[in-house]
Amino acid sequence: MTVADPVSIANNGDYTDNVYSGKQEHRDQVCTILEKEGQIPMSLIDSEVEWFYDVLGLDDMYFMIETPATVADHIVSLYGAQLTSMNKSNHVNITFESRHSSGAIFIHNSIPGVSKTDGPHYEQMIDAEYLNVSVPQKAYRVESYRSRGKVSKRLDASLRTYFVNACDFVNPDPQGDAVFDINQTSDRTFLAKATPIVLDLYSSVINKVLNRTGPVIVSNELPSGEHRLVIGFRQRSTQGYFAALSDLYHYYQMFSSRKYVEQFSNGVTIISLYLDLAKHAKRLVTGSSGNTSNTTSTNASPVLTPASPAAAIEDCVKQIMKEASLLFCIPNTPFQTQFKTGELSVQETVYAYAGWIFAQHFLNRLGSEYATLAEILDPNDATDIEVLAKLKKRLRQETFTRELILGILLRHCELIKDLYAHFASTHYIPSESYGIVSKSAVGQLVAENNLHVSLSMTRLHDNAPLTKDELLVKITRTATNDHDAMVMRALLDFNEHILKTNFFQPTKVALSFRMDPGFLPAIEYPAKPYGMFLVIGNEFRGFHVRFQDVARGGIRIVRSRNAEAYSINQRTLFDENYSLASTQHRKNKDIPEGGSKGTILLNADAQDKPFVAFEKYVDAVLDLLLTGESPGIKNRLVDRLGRNEILFFGPDEGTAGYMDWASQHARKRGAPFWKAFTTGKSQELGGIPHDIYGMTTRSVHQYVLGIIRQLELNESECTKFQTGGPDGDLGSNEIKISSDRTTAVVDGSGVLYDPQGINRTELLRLANARQMIQHFDASKLGSQGFRILVDDFQVTLPDGTLVQDGLSFRNTFHLNRLAAADFFVPCGGRPESIDINNVGTLFEEDGSTRFKYVVEGANLFFTQDARLRLEKAGVHLFKDASANKGGVTSSSLEVLAALSFTDEEFSRLMCRQEDGTLPTFYQEYVSDVQKAIEANAAREFECLWNESKRTAKPKSVLSDDLSVAIVELRKNLESTNLWDNESLRRLIMLEALPARLLKEIGLDTILERVPLNYLKAIFGAYLASHFVYEYGTDPGQFAFFEFMSKYYAKAKTDN
């Protein structure tokens, strides 16, 4: 495509105008073509061409790019459209599109200030095909112009043109200071058109974007009377934003005369919108009282001449700036049509989306009948448990699907408005008490806070929000059936249990809600969490659950291979999160912190954006943890919780490499707890990586060794089946630390099997390289061995079995008859892979089990009922809460070092040095951590083994009993005066703290620097765990006195 050289002139310090010097010659050629074609009467050609070139007001860029032949075709099409509109009242439909190798051109007619709900949606197409996928290596810029004239004297529609072109960056790969130099990171066309004022403005925005997670939004009024809105953000940090912004300003009856999307090679996108009120469209006019009314222009001029009161424009722009941040988080929802047509505002739309997600997870679907049945059935009977489990699963899947819930919400938009008003009156409008504002105060508060432009806030002004009781009455009266009423009441439950939210923060990257977990039904969630968070982003949804104020646990990314997997993951997400956090709480019995867990479910179309989702999840949670106030960036929150909170994140599936970023981001945002915010950081930041030192595996393998020791087995003669391959933390370290005969390994790439034992040398090679079994040298398999990868189809195994589909074979191999061995050590896999419904496949026809010993390294691989059935059949099974606790011990001691050292000491003693070496203290401290993990695991193993022999209880039950006993005793000890006994305190702390840390700075320094509540927690956890491990879960009446007497005697002697 050839583009004529433009002549540019400055436009009030803005972009230079496109002025085409060859326009007259171009025009003459168009006339000649039209005369030859004869599709327009000769007498009308000159007037139609004059109208198209001079009156319609197309930007000269159109004439620079399009050939005379193409322009002639467009004029003919417009002429035909005008003829059609004479026969069809107020209707005209003009669309042109042309794609080329480096971009595209789109043209359509539309009414300024009105979103299109039919026809081709070019802005959505531009988002999907060009902007959503833009990265520095391949990015697209957009120039869009609205014609100043109308397509017909009879109609208000004008032409909107879009010019999309691939970027040609001055410096495609900037490094160092060049990243902040707009003259190096810009597209060459942009540099040629931008004035110094624009370059300065964009440079300022870019610098803020590079130092912030969320969008940067600024505006200013131009001499023309238009308002320029500039929004900067990181590329691919939102999707569909360009089109969503149009719907937003259209909602306020504004239109854009032109807009630009500029890309920069440092990964920044900037959208500029030039806004004015739509003169001839219905628009909001705000009077002094704050009331709104609709007016319609009577202007009959063929040229659009926007003119409106400056104050009204300013109010609209101010509101658009606020809501652009909300839209950045969630650009598109299933309620988009209601937003485009003005039935719901952007706040109401996003609120409805959040409520929809809440209802999907927390609508009580089991009912009172299920509760009654659960009470009648025997919880220790495997058949009863199986019936209950199947019923529960069916009720959850079939009672309220997400499609059904959405359909109900769409039918009740008026109730959504009322529920949103109830939510907003609590969390937006400030009051000294930070509570729900009374009806009498609403109008005054709205006026004081300049909210009259927002329709949803205007409703708060004109009609005060309904109370909870009033809403319940209205829901009952409005809902047509019980299902509708249940869904709408779920949104009211959502409102009632939100303690704080960032919904109304000026800038944010995702929505976060701190929830009171009191709404969780006890029948489904018997142990009430201490606190929970719901986080919703454009790419994900996520939760965080904790069972104690000071709690620790990992953040897990949940991926979905296909739509079916996503649907399953979406249904089970919170249950998985709850179970993981509960398991973590039981695992954390040896350390000061309680248990927590976070999950992030990537949307079906965002499987390639795990880090983007993690960034947004962390930043949104920090919004609710930090109380700082930065005008225009972060405001003070309405806090119904009434106290500060701290969360501690650790690595889990899919997030091991993200901990450094989270720690540094918390530091950048001013979090005082940034050093302890994440564990599992890199060694450069003083972290102790679990995978490098095999921290989790050291605990799991102690149980394998314990079984071997108790039953006098020879490890080298034992066979083992393992899920979780040599590429993972647990899987690779289990291979490296063991000396058994591994017969099968299942990982993300497929299944590796050899009944004679997989070649250990080759397996170790993969484990050291952290590679999947797809890289295994298949020539080293025995005659009956095989490797089936997930992408394989129609493969015949050595025994003649035909494998139709490698993915299905991999997903179910743990249930296959070939997956038989002495030991089964799950080191990876989805939660509840073996439950009461499929555990029967682990039994042979004669009733024997395919595994003799199970050590559950992966969290929640078995359900509790499945564990009990296996143990009843004679399997020695140790559950995850006992076996998989090495990582939390390592993380806790990592934090202890951070709390004990000054910044200088921590940098010198715990961080990798500039020459790449690790300090001697660090290496010795890591050794202490490993010894502590192995000692704790060995003590718990012996206790479980002995208690099982003594009581004949299943070890799975005893594991829970043990955790409850330790947690409860620790809680009780913290309320005693044992800590006040100085000699006892010093004795216990000398035993509980790592020897190398004590040697480095001494007990007195540790007692001085570490927070008192943390020290007391260490003291209580040490005594409680050692007592229960020694005396069991059911000690005698004087057992604790006997236990403490030894310490009292020793403390007296040491004194």
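Buried here means under 20% relative accessible area, exposed over 50%, and partly exposed in between, with a 1.4 Å probe and protein chains only. Helices (H or I, at least four residues) and strands (E, at least two) are DSSP runs, numbered from the N terminus. The structure above is a predicted model, in which local features need pLDDT of at least 70 and side-chain atom pairs count only at pLDDT 80 or more, while totals for chains, interfaces and linings use all residues. Residues are numbered from 1 along each chain as its sequence is written, and side-chain values use heavy atoms, with hydrogens and water left out.

**The sheet around β21**

Let us start with strand β21, residues 741–747, where six of the seven residues are buried. Two strands count as paired if DSSP finds at least two bridges between them. On one side, β21 pairs with strand β20 (residues 719–723) in the parallel sense, over five bridges. Here Gln722 stands opposite Val745 of β21. The chain gets from β20 to β21 by way of helix α27 (residues 729–737), and this β-α-β crossover is right-handed; that is, with the strands pointing away from the viewer, the path from the first strand over the helix to the second runs clockwise.

Strand β22 (residues 750–753) pairs with β21 too, in the antiparallel sense and over four bridges. A hairpin of two residues joins β21 to β22, and Leu752 in β22 is the bridge partner of Val745. From β22, four further bridges lead to strand β23 (residues 786–789), again antiparallel, with Ile788 of β23 as the bridge partner of Val751.

The table gathers the pairings described so far, together with one from β26.

| Strand pair | Sense | Bridges | Facing residues |
|---|---|---|---|
| β20 and β21 | parallel | five | Gln722 and Val745 |
| β21 and β22 | antiparallel | four | Val745 and Leu752 |
| β22 and β23 | antiparallel | four | Val751 and Ile788 |
| β26 and β27 | parallel | three | Ala821 and Phe851 |

Where do these strands sit in the open sheet of seven strands? The order is β23-β22-β21-β20-β26-β27-β28, with mixed pairing. Strands β23 and β28 (876–878) stand at the edges with a single partner strand each, so one side of each has no neighbour in the sheet. From one strand to the next, the twist averages 15°. For this, axes are lines fitted to C-alpha atoms, for helices over the stretch in contact, and angles run from 0 to 180 degrees between N-to-C directions.

In the pair of β26 (residues 821–826) and β27 (residues 851–855), the strands run parallel. Helix α26 (residues 695–711) packs on the sheet and touches β26, β27 and β28, where contact means heavy atoms within 4.5 Å. The direction of α26 makes about 140° with that of β27.

**Empty space: a cavity and a pocket**

On a 1 Å grid over the protein atoms alone, a cavity is a set of points where a 1.4 Å probe fits but cannot get out, and a pocket is an open set with protein on both sides within 12 Å along at least five of seven lines; lining residues have an atom within 4 Å of a point. Grid points are joined across faces, edges and corners, and a volume is the space filled by probe spheres set on the points.

There are six cavities of 30 Å³ or more, and the largest has a volume of about 230 Å³. Its lining counts 21 residues, with His108, Lys116, Glu123, Tyr162 and His250 closest to the centre. Helix α9 gives the largest share of this lining, five residues. All eleven residues of α9 are buried, so the helix is largely enclosed by the rest of the structure; among them are Tyr241, Leu245 and His250. Just after α9, Gln253 takes a positive phi of about 55°.

The second largest pocket holds about 960 Å³ of space. Of its 43 lining residues, Arg212, Thr213, Asp619, His665 and Arg669 lie nearest the centre. Two elements give two or more residues to the lining, α22 (610–625) and α23 (659–668), and α22 supplies the largest share, seven residues.

**A loop residue before α22**

Is Asp605, in the loop between β18 (594–602) and α22, buried or exposed? Asp605 is exposed, with a relative accessible area of 65%. Ser560 is 45 residues from Asp605 in sequence, and the two are 9.6 Å apart in space, C-alpha to C-alpha.
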